[in-house]
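Reader: I would like a close look at one part of this model. Please take the surroundings into account as well.

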Amino acid sequence: MTRRGRTWLLLAAGVGLAALLVAACLKLPHFGGDRHPYGDRAVRASLARHTANTVSSVNFDQRALDTLGEMTILFAAVVGCVVLLRQTRDEHRARPEPAEVALPVRRYALVVLPVALLSGLYVVAHGQLSPGGGFQGGVVAATALHLLYLGADHRALERVRPVGAYEVADALAASAYLVTGLAGLIGAGAFLANTLLPYGTFNTLSSGGTVPLLNAAIGMEVACAVVVLLAHFLDQAVEIEEESGNR
């Protein structure tokens, strides 16, 4: 296709998208009114499936397909980072020297690390019950590990952060989300349908049907993705610091 043809195709698609957006906006409720159909329906659907946290019900049940797209974006970003920042055959990275950390910083980081890690896991586990969930808890848990980098040094962090294992876990978590969706397609005729498991007792960890499973998969995927991203960024930062020191 010629450049002019691509331009006209882009313009036609843009006009069509704009028309759809305008038509959708005209059907929205007026601002400042007392009628909130979307919120009311979301709450009713959440309570009907015994999910106490309506936001998690929206993310992992009512619009779980959109959440799959968000997870795919993060997964693609991790894959791109791994490919671009991978170590080539002719590249040799020296081991970083142990860093000198002030004693108050070391004590604070090592005390806060397990607390932050448990807090992240708690947020993930209770995502269907209280504010939070896999996205938020996964970030907290991943960044908690890196308090070891602040409290000790890069070598100490490497001992508890085998990057290869986290890359595999990231792929497994993304696959678990897809497998749960396919199970809904096979069992209920709809992808990511929340009909596979009983909804359980309201306001308990086992409530919500497949919401806890999808929430846990997202928590694991986000945590592993953040760990892998930070690992490659820190490796590059260490290499740059060493090159500057050698100069």
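Is Phe191 buried or exposed, or something in between, going by its relative accessible area?

Author: The model is predicted, and the confidence comes before the detail. The chain has a mean pLDDT of 87, with 90% of its residues at 70 or more. Among the helices, α3 (residues 54–62) has the highest confidence, at a mean of 95, while confidence is lowest in α8 (residues 154–160), at a mean of 80. Where pLDDT is low, the predicted coordinates should not be read in detail.

Phe191 is partly exposed: its relative accessible area is 31%, which falls between the 20% limit for buried and the 50% limit for exposed. Phe191 sits in the loop between α9 and α10. On the surface, Phe191 joins Leu65, Leu178, Leu182, Leu185 and Ile186 in a nonpolar patch of about 580 Å². Helix α9 provides the largest share of this patch, with four residues.

The helices on either side of that loop also feed the interior. The largest nonpolar core has 25 residues, and those touching the most other members are Phe60, Met71, Tyr166, Tyr177, Leu214 and Ile218. At least two residues of this core come from each of α4 (64–84), α6 (134–145), α9 (163–188) and α10 (211–246). The biggest contribution, twelve residues, is from α10. Another core lies apart from this one; it has eight residues, including Ala109, Ala144, Leu148 and Ala156.

Tyr166 shows what the packing looks like around one core residue. Beyond its neighbours within four places in sequence, Tyr166 is in contact with Leu145, Val160, Arg161, Cys224, Val227 and Val228.

Leu229 is a residue of helix α10. Its relative accessible area is 17%, so Leu229 counts as buried, the limit being under 20%. With neighbours within four places in sequence set aside, the contacts of Leu229 are Leu74, Ala77, Val78 and Cys81. By contrast, Pro37 is far off: 192 residues separate Leu229 from Pro37 in sequence, and their C-alpha atoms are 40 Å apart.

Charged pairs complete the picture. There are three salt bridges in the structure. In one of them Arg49 pairs with Asp61, with 2.8 Å between the closest N and O atoms. This bridge links distant parts of the chain, as Arg49 is in the loop between α2 (37–48) and α3, and Asp61, twelve residues away, is in helix α3. The two ends are not equally covered: Arg49 is partly exposed at 29% relative accessibility, whereas Asp61 is buried at 9%.

Arg63, Asp66 and Glu70 form a network of salt bridges. Arg63 meets Asp66 at 3.8 Å, N to O, and Arg63 also bridges to Glu70, where the closest N and O atoms are 3.3 Å apart. Each residue of the network can be placed by its accessibility. Arg63 is partly exposed at 26%, Asp66 is partly exposed at 45%, and Glu70 is partly exposed with a relative accessible area of 36%.

To return to the residue you asked about, Phe191 is a partly exposed loop residue and one of the members of the nonpolar surface patch.

Key: Residues are numbered from 1 along each chain as its sequence is written. This is a predicted model: local features need pLDDT of at least 70, side-chain atom pairs count only at pLDDT 80 or more; totals for chains, interfaces and linings use all residues. Side-chain values use heavy atoms; hydrogens and water are left out. A nonpolar core is a set of buried Ala, Val, Leu, Ile, Met, Phe, Trp, Tyr and Cys residues joined through side-chain atoms within 4.5 Å. Buried means under 20% relative accessible area, exposed over 50%, partly exposed in between (1.4 Å probe, protein chains only). Contact means heavy atoms within 4.5 Å. pLDDT is the predictor's confidence in each residue, from 0 to 100. Patches are made of residues with over 30% relative accessible area and no salt bridge: like charges are joined within 9 Å, nonpolar side chains (Val, Leu, Ile, Met, Phe, Trp, Tyr) within 5 Å. Accessible areas come from the Shrake-Rupley method with a 1.4 Å probe; for residues, only the protein chains shown count as cover. A salt bridge is a side-chain nitrogen of Lys or Arg within 4 Å of a carboxyl oxygen of Asp or Glu.
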